Amino acid sequence: MVLQISQRDSRVLTASSRRPRASRFALMGAAAALAFGVAMGVPASSAYAEAPQTLATVTGPSSFADVVDRVKPAVVAIKVKATEEDHDHFDVPGLSPDDPMYRFFKRFGEDGGRGQKHVTMSQGSGFIVSPDGYVVTNNHVVEHASEVEVALDSGKTLPAKVIGTDKRTDLALLKISDGDKLPYVEWSSANPRVGDWVIAVGNPFGLGGSVTAGIVSARGRDIGAGPYDDFLQIDAPVNRGNSGGPAFDTRGAVIGVNTAIYSPSGGSVGIGFAIPAEVAKDVVAALKEKGAVSRGWIGVKIQNVTQEIADSMGLKSTKGALIAQPQKGAPAEEAGLKAGDVITAVNGEKIETPRELARKIAAMGPKKSVDITFLRNGAEKTVKLTLGVLPEEKEARADNDFGGGDGGEITGLGIEVAPASEVRGAGREGVIVTDIDPSGAAAQKGVRRGDVIVEAGGQTVNSRADLASAFDAARKEGRRSVLLRVKSADGMKFVAVPVKAG
């Protein structure tokens, strides 16, 4: 499956297989029951005895034409000239382009990953949200833009400039030069329900204003596009070039910004995703005011509480966000939060997942005082802290030189380790995984070669003996798993590894 997010850019993800629709099997079952009843001589009325006596009639509008006539003039095509770097010229002697190390050297080689610059032309969609010419679209439509033009529904083309962008929600705000008394649309004040009609208008494949219709299929979708995923899933067909275009309700109000589709071919298969209006309008307001979005930040690396982790920590529930590592000097660390704490509420509102925590904290904005409720060693505690400003994302790179150091295999784990202090680039704390059995218990739980284990069962680990001791203690106590705190290329995380009888 392909997650198509742009007419010029695509990201490949693995999508789960579609399940048969339950309604189809229910109808087949009813038909089979009726046939069986008639064959056995049972009156038809008896065969229907358990079937609904009446069926609700679902009707839709006879036409969307009036709504389309009203909103279509505010939907625009966006033409972008961008300057990008071409890395394809990079050559690594002796390595095939299919070799993973080829891609590594191509990115981090002697030229620092810098390639030849070239100009690209691309198109997307957008919509005008004010009579003076402010236009909303996707960040990926105008990313790296050197020139932007907006083509109105009337055919007139006007230059525009980028006012601000937000990569985390994939939104951008443009301003049409000398815009005056332009047609515009407004955000919906109500959240759509699953099953509501939706109308998508955009510029698919560069064809110009096109209209499709369907329903809202689901809410709150997480498609792995960013840390604040909260997409509407719609089945109104959208295609390449629809990115940044609006999704309307039957009143002509904008309920979402079309951003991505699942597709095996790049064309619509009826699964599209839109950024909800309640998210988009706040981001757009911030971009208009400041040119950027300031989000709240507490400075923690968080992860899900799996059932195995809950069992290892003696938790009664898997709800909450587990702190894998508080960042040094961040609000969380200053307030006393530690690795292993599980955040369960913010200002008294329950938190069930890490993503929910991230969205709630970000939406509050910086400099807000909040109460954080958390579990530590089974006891509930609350601290007050002041939110900081979410910093720009930093790239994490791992040193993959594992040479040197004495190590050994830990029974039942399928890994070999060495003191991190003896391996260049691994740091001073913990033990580094120097080799791993792909079929071993540790590998099956996500531990990888190059990871550094800093804690096991709540105890600091600095040698192979420390790690082995933690597993021996768990066996004697009859525990099913040991909770490891692991430093990987993606940051700190907790991993519950099962204990094998020894």
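This is a short walk through one protein chain, from its overall make-up to a few helices, strands, ring pairs and loops.

Hi everyone, and thanks for coming. Before anything else, please keep in mind that what you have in front of you is a predicted model.

Let's start with the whole chain. There are 502 residues, and 42% of them are buried. The secondary structure adds up to 29 strands and 11 helices. The chain exposes about 26,900 Å², with carbon and sulfur atoms supplying 49% of that area. And how do the contacts spread along the sequence? If you take contacts between residues at least 6 apart, 60% of them join residues at least 24 apart.

Now let's go to the helices, beginning with H11, at residues 464-477. Its 14 residues reach 20 Å from the first C-alpha to the last, close to the 20 Å expected at 1.5 Å a residue. Which of its residues are buried? They are Leu467, Ala468, Ala470, Phe471 and Ala474. Looking down the axis of H11, you would find its buried residues within an arc of 155 degrees, so they line one face of the helix. That fits a rule you all know: an α-helix has 3.6 residues a turn, so residues three or four places apart point the same way. On the face turned away from the buried side of H11 sit the exposed residues Ala465, Lys476 and Glu477. Right after H11 comes Gly478, with a positive phi near 75 degrees.

Helix H9, residues 354-364, can be read in a similar manner. Its buried residues are Pro354, Leu357, Ile361 and Ala362. Down the axis of H9, these buried residues fall within an arc of 120 degrees, so they line one face of the helix. What covers them? The cover includes strands E15 (296-297), E16 (300-303), E17 (321-326), E18 (342-346) and E20 (369-376). H9 is followed by a glycine, Gly365, whose phi is positive and near 80 degrees.

On to the strands. Take E24, residues 415-419, where four of the five residues are buried. E24 pairs with strand E25, residues 431-436, in the antiparallel sense, over five bridges. If you want one spot to click on, try Val417, which stands opposite Val433 in E25.

Another residue I'd like you to find is Ala172, in strand E8, residues 171-176. Is Ala172 buried or exposed? With a relative accessibility of 0%, Ala172 counts as buried, because the cut-off for buried is under 20%. Setting aside neighbours within four places in sequence, the contacts of Ala172 include Val135, Val136, Thr137, Asn138, Gly164 and Leu287. For Asn138, the C-alpha lies 5.3 Å from that of Ala172, although the two residues are 34 apart along the chain.

Next, the aromatic rings. How many aromatic pairs does the structure hold? There are three, and I'll show you two of those. One is Phe127 with Trp187, an edge-to-face pair at 5.6 Å centre to centre, with 80 degrees between the planes. This pair links distant parts of the chain: Phe127 is in strand E4 (residues 116-128), while Trp187 is in the loop between E8 and strand E9 (197-202), 60 residues apart. Phe127 is buried, at a relative accessible area of 0%, whereas Trp187 counts as partly exposed at 21%.

The other pair is Phe231 with Phe273. Their ring centres are 6.3 Å apart and their planes stand at 70 degrees, so this pair is edge-to-face. Phe231 belongs to strand E11 (residues 231-234) and Phe273 to strand E14 (residues 272-276), so the pair ties together parts that are 42 residues apart in sequence. Both Phe231 and Phe273 are buried.

Last stop, the backbone. Most residues other than glycine have a negative phi. Here are two residues with a positive one. His144 has a phi near 70 degrees, and you will find His144 in the loop between helix H5 (139-142) and strand E6 (145-151). Asn347 has a phi near 50 degrees. The loop that holds Asn347 runs between E18 and strand E19 (349-350), and Asn347 counts as partly exposed at 39% relative accessibility.

That's my tour. Thanks for listening, and I'm happy to go back to any of these spots with you.

Conventions
Residues numbered from 1 in each chain as written. Predicted model: local features only at pLDDT ≥ 70, side-chain atom pairs only at ≥ 80, totals over all residues. Heavy atoms only, no water. Buried < 20%, exposed > 50% of the residue type's maximum accessible area, 1.4 Å probe, protein only. Pairing = 2+ DSSP bridges. Contact = heavy atoms within 4.5 Å. Areas by Shrake-Rupley, 256 points an atom, 1.4 Å probe, with all protein chains shown as cover. Expected span 1.5 Å × (residues − 1). Arc of directions from axis to C-beta. Phe/Tyr/Trp six-rings, centres within 6.5 Å; stacked < 30°, edge-to-face > 60°.
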